Amino acid sequence: MEGLEGPLLTIITASTPLLLAALGELVTERSGVLNLGVEGMMAVGAVCGFAAANLTGMPMLGVLAAILGGMVIAFLFGLLTLGLVTNQVASGLALTLFGLGLSALIGDAFVGVPGPGMPKLYIPGLSDIPLVGRIFFAQDFMTYLAWALVIAVWYFIFRTRGGLVLRAVGDNHVSAHALGYKVIRVRFLAVLFGGACAGLAGGYLSLVYTPQWTPNMTAGRGWIALALVVFAAWLPGRLVVGALLFGAVSYLALYLQGIGVGIPSQFLSMLPYLTTIVVLVVISRNRTLLRINTPACLGQSFVPDR
Amino acid sequence: MATGAGAVDFPNRPKGEPLLAAIGITKDFATIRANDDINFAIHPGEIHALLGENGAGKSTLVKILYGALQPTGGEIRWKGKPVAIANPAAARALGIGMVFQHFSLFDALTVAENIALALADPPPMNQLRARIEKVSAEYGLPLNPRSVVADLSVGERQRVEIVRCLLQEPQLIIMDEPTSVLTPQEADDLFVTLNRLVAEKKSVLYISHRLEEVKQICHHATILRHGKVVGECDPQQETAARLASLMVGAELRQLQAPAPASPSAPVRLAVDHLSLPRPHAFAIALDDVCLDVRGGEIVSIAGVAGNGQDELFDAISGETRAGTPGAVRIDGAECGRRGVNTRRRLNAAFVPEERLGHGAVPRMKLSSNVVLTRHATREGLVKSGVVNFTGAREVVDRVTQLFDVRKGSPDPEASALSGGNLQKFVVGREFDRKPGVLVVCQPTWGVDAGAATTIRQALIDLARQGAAVLVISQDLDEILEISDRVAVISKGRLSPPVDARGITREGIGLLMGGAHHGEGAAHAH
Amino acid sequence: MRIELIRRPEHSRTMVVLSPIIAIALTVIAGFFVFLAIGVDPLQALYIYFIEPLTAGWSIEALFVKAVPIILVAVGLSLCYLANNWNIGAEGQFAAGAIAGSVFPILVPGWNGPEVMVAMLVMGVLGGMLYAAIPALLKIRFGANEILTSLMLVYVAQLFLDWLARGPWRNPEGHNFPDSRPFDGGQVLPVLVGSDVRISLVFAVVAVIVAWFVLRRTLTGFQISVLGQAPRAGAFAGFSQNRMILLTFLVSGGLAGLAGICEVAGPIGMLRTTVSPGYGFTGIIVAFLGRLNPIGIFFAGLLLALSYLGGEGMQIALGISDQITRVFQGMLLFFVLACDTLIYYRIRFVRTGQHPAGEAKHGRA
């Protein structure tokens, strides 16, 4: 029992940033927009969060700054792809390159600075239960937020009118426009939500996970989050499974390194990336699942006639 | 008599205040004026036809009435009061509903979700489902609210559109080409529904270019040409020919169709027990398709969209390969396992349904689009891997002359041409090769009457010169006009072809509904 | 305010030429404000960034040294992108080429006649090609998204290179630095002009010319454009999508691999833990800035090489992080993409709040 606690905690912490970023991208893609800039938005969120928390000494302000940072550069992406109908793939790449550069520039002053600690929530009674208490009731609040967000996003997409409109816009923007829905506005909001989530995910890395700032600290997690959305077939529930899988892979890499097996650390570090490729191949073979759930307008620009 | 707008009383028309009146509606787009000073009125309890050719401005006008477009000038009056219809929701709030031609449905969503999206304030899903079931039963439009739209047939999709419209309790229902995708029997069912609506004092604006059905069901007609109202009339008092000449603005040229070749002419295109599994979840499997087309004849394949036409075209053209070499034979050569270019070298030619994106690359010049289908036909357009674009431009000039392709510059991009002119180019590109076998899908879909006549006459002439012509079409009038024999495709199965001279719309319609899988076949002869 | 796009009936040929220039101008203007924001004199900074590197002979040489790998990578990527295959793993293919090309000089150090260079170049190209074949085959066979797989392979290649340079391929006499033994003799690319511009410049120029001819005149180039723009029309023309995926990935991987081996056998002269300051990603920007046209890519490559030099100059002169280079590159790509919209659309700014139905304009028929 006691032996399980450490691994489970590591897995949950490692999977949280992936879950947050992927959840935002899932909503964005459900609206029909493919934003490949998750990595860039995460990096900007990470540096904004760290800088704000460091300058003010208030971790909560850091969280808000991370969200805002992600949203600001997601706004740029929205302006380009929705306002000026630029190619979404290329614009997403631009966002990543720009975001990584910008975050490194802003973060130059913060390299090596120790981060402010994020307090863990402690619920008297509940948090004291062995195993269960530590895992479920003594996490930092961002972890709870991530899990609550999964449920909220699921509820929004499948149980509310707003979610229905979101799915409609992603499925057929011509029809949605013909019925009088503001396709561009819906997509813009979805892009901003994606930016907020990616920024939050970045903030989690720099405020909770590490907690410090180093350039390129996102280390491809934004891209893995993109792969997770495909793996999840755009369903929030499956996202949890995917994120936990990657959390487990991260734990495995750490564990193997810890017990000192004869595998060079570089090969262990490759594990998440190789897992991503394997996961993509496995899910792509299930063409029916993808065909039914892929938003039909994903990646397509829309220009209404006037 | 047809006259200018509003000049004469029509004794059979309901009296009193019009439900909706358009006054001086004008709409400019970047380069064209789509609607020019349009005046007309719809009365309560009337089925009002809006007639006009492709490109006459009908779609623009109805989009304005439904709030999807804003007019550049003019006024709309609803029950006598001027209104601004800012968006479709405003139109629905007034009491205007719309049934779209290319359905505005969402494939991935359920029937109930699709309907909820069109309601301003939908009830909870349980209640909505119950209401859908009730209304659809009342109007004879059976629907399962839990079905996903992607799984529905074309006719069922239209039912969703209509029920969605009815649940908004509109006073005016706009229907854009509602029968273009239906079998004649389904169309008759629709007319029953329309008459019910009129009996409830609701009005219908009925957009169509099918004159016979307009004569059959409409009380009044407004005719558009080049964006202007050119007349209005009581269609029941007019002949179809007269309506047609009003629409087109000139007497249409009659097709010249000499007798077909003798039945002993050699089979030039043979499809022999062709079966193909469906390539993906939303496609149709081909089931044991057999067909012979002889030199000198036109054989048509009728059918409602989505019954395997695309899959059959791809299998005959070679874009999809068949399981056995003998499944497709061109002039006796087995080519079921060969690609599209091998078949072209056997002097076959193909024209797909989609002009832009399938038959032509939109953002490429016409000369490049010539290379598209003729790079492998050993005509010298490609020599040791290098493309001869000069030669391709000469082909463009020949096609332009032969088919009267109107274009702004000598070699514009395909997307710059109008639908009719691009279709003439895409068809002409293949005619220029003098093919022995021609397979063409929807040869006149969405093109104006002049271009349609040109293309149909060319098909007949090509056949009479000894080519085998296979036409896949959903337009029954076209099929009856040009075919020597007709077969019907339904759920991926092809009926045996019958002589076109002995068959009626209703006969084909029964086959389209799938009646040939059994006793119905005899009925069609 | 609202942006309205009005589709042009045909694409504007003027804008094809003008849009990259407008994008560069906008980037400079935006740069002005970035410098202002980080508190340096914008005019001085812009001078150091864009002009100063062009004022000295050595720096012009450095410009070409940096431009060569970028151009090689970008030419290959442009073929991929024209065919609508999103290879964004050139950075990994670059590393794979560097690794494969270094096999002989590291494992057979004594072989240093002029002929070894041919073997190294061939190995480099093959290494890049094989590495690029992985995402291509995964896309063809399983439909796996090539954007994600090719990018994941970047991390894998970099980690593998890191392991090699620190582990088995480390120079035993190298005082524990994570470098391989330095290449010598025929293992180093011959210098063409000056002290550092090597024969690889010829490779880049040849690649540009060949790619231009292929795209402009040949059936293969035609296939690339058709399949990229309208896959359905490509199938109708009898072109094979799968063949084109493999072909474009192999070509772009091969060119990235060539750039990789030229870098380690040229300016670097040995294998290290990192062999590229992001040339594989810069190549993406260059491909777009050059409007996916090989000639355009040549000049775009020089411009982006300038941005590296400018970034280094900024760090030396003003003490600003050289990450400013990536900010500039990202901004440039943003503006390039935005300006490309002008080719297909006219842009109109509409003040919101006024009701379009209210105004009765009849003029523009």
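Here are five short exercises on a predicted model, each with a worked solution.

**Exercise 1. The build of chain B**

Task: Work out how compact chain B is for its length.

Solution:
- Begin with the secondary structure: chain B has 17 helices and 23 strands.
- Next, take the radius of gyration of chain B, which is 24 Å and close to the 24 Å from the globule rule for 525 residues; chain B is therefore as compact as a globular protein of that length.
- For the dimensions, the C-alpha trace of chain B spans about 70 × 50 × 40 Å along its principal axes.
- Then look at burial: 51% of the 525 residues in chain B are buried.
- Finally, of the contacts in chain B with a separation of 6 or more, 68% are between residues 24 or more positions apart.

**Exercise 2. Two contacts of chain A**

Task: Find which elements give two or more residues to the side of chain A that touches chain B, and which element gives the most to the side of chain C that touches chain A.

Solution:
- Start with chains A and B, where the contact takes 15 residues from chain A and 19 residues from chain B.
- On the chain A side, helix 7 (161-171), helix 8 (173-178) and helix 13 (287-293) each give two or more residues.
- Sorted by class, that side of chain A has six nonpolar, four polar and five charged residues.
- Now turn to chains C and A: 40 residues come from chain C and 42 residues from chain A.
- The chain C elements giving two or more residues here are strand 1 (2-7), helix 6 (115-142), helix 7 (146-166), helix 12 (279-289) and helix 14 (324-344).
- Helix 14 of chain C gives the most to this side, with 12 residues.
- By class, the chain C side holds 26 nonpolar, nine polar and five charged residues.

**Exercise 3. A helix pair in chain A**

Task: Decide how helix 2 of chain A is oriented relative to helix 4 of chain A.

Solution:
- A general point helps first: two packed helices are described by the angle between their axes and the distance between the axes.
- The axes of helix 2 (residues 38-56) and helix 4 (residues 88-107) of chain A come within 7 Å and cross at roughly 20°.
- Angles under 35 degrees count as roughly parallel, so helix 2 of chain A is roughly parallel to helix 4 of chain A.
- The crossing of helix 2 and helix 4 of chain A is left-handed.
- Among the residues that meet are A:Ala43 and A:Val47 in helix 2 and A:Leu95 and A:Phe98 in helix 4 of chain A.
- By class, this helix contact has 12 nonpolar, five polar and one charged residues.

**Exercise 4. Positive phi in two loops**

Task: Locate A:Asn216 and B:Lys491, and say how exposed A:Asn216 and B:Lys491 are.

Solution:
- A:Asn216, a residue other than glycine, has a positive phi near 60°.
- A:Asn216 sits in the loop between helix 9 (183-209) and helix 10 (221-231) of chain A.
- With 11 other C-beta atoms within 10 Å, A:Asn216 is exposed.
- B:Lys491 has a positive phi near 50°, and lies in the loop between strand 21 (485-490) and strand 22 (493-494) of chain B.
- B:Lys491 has 16 other C-beta atoms within 10 Å and is partly exposed.

**Exercise 5. The setting of B:Ile207**

Task: Classify B:Ile207 as buried or exposed, and list its contacts beyond four places in sequence.

Solution:
- B:Ile207 belongs to strand 8 (residues 203-208) of chain B.
- B:Ile207 has 22 C-beta neighbours inside 10 Å, so it counts as buried.
- Beyond four places in sequence, B:Ile207 is in contact with B:Leu50, B:Lys58, B:Val62, B:Met175, B:Asp176 and B:Glu177.
- B:Glu177 is 30 residues from B:Ile207 in sequence, with 5.4 Å between their C-alpha atoms.

Conventions
Residues are numbered from 1 along each chain as its sequence is written. Chains are lettered from A and ligands numbered from 1 in the order in which they are written. This is a predicted model: local features need pLDDT of at least 70, side-chain atom pairs count only at pLDDT 80 or more; totals for chains, interfaces and linings use all residues. Helices (H or I, at least four residues) and strands (E, at least two) are DSSP runs, numbered from the N terminus. The radius of gyration is taken over C-alpha atoms; the globule rule is 2.2 Å times the number of residues to the power 0.38. A residue is buried if 20 or more other C-beta atoms lie within 10 Å of its own, exposed if 12 or fewer, and partly exposed in between; C-beta atoms are placed from the backbone. Two residues are in contact if their C-beta atoms, placed from the backbone, lie within 7 Å. Ala, Val, Leu, Ile, Met, Phe, Trp, Tyr, Cys and Pro count as nonpolar, Asp, Glu, Lys and Arg as charged, and the others, Gly among them, as polar. Axes are lines fitted to C-alpha atoms, for helices over the stretch in contact, and angles run from 0 to 180 degrees between N-to-C directions. Angles under 35 degrees count as roughly parallel, over 145 as roughly antiparallel, 65 to 115 as roughly perpendicular and the rest as oblique. A crossing is left-handed if the near helix is turned anticlockwise from the far one by less than a right angle, and right-handed if clockwise.
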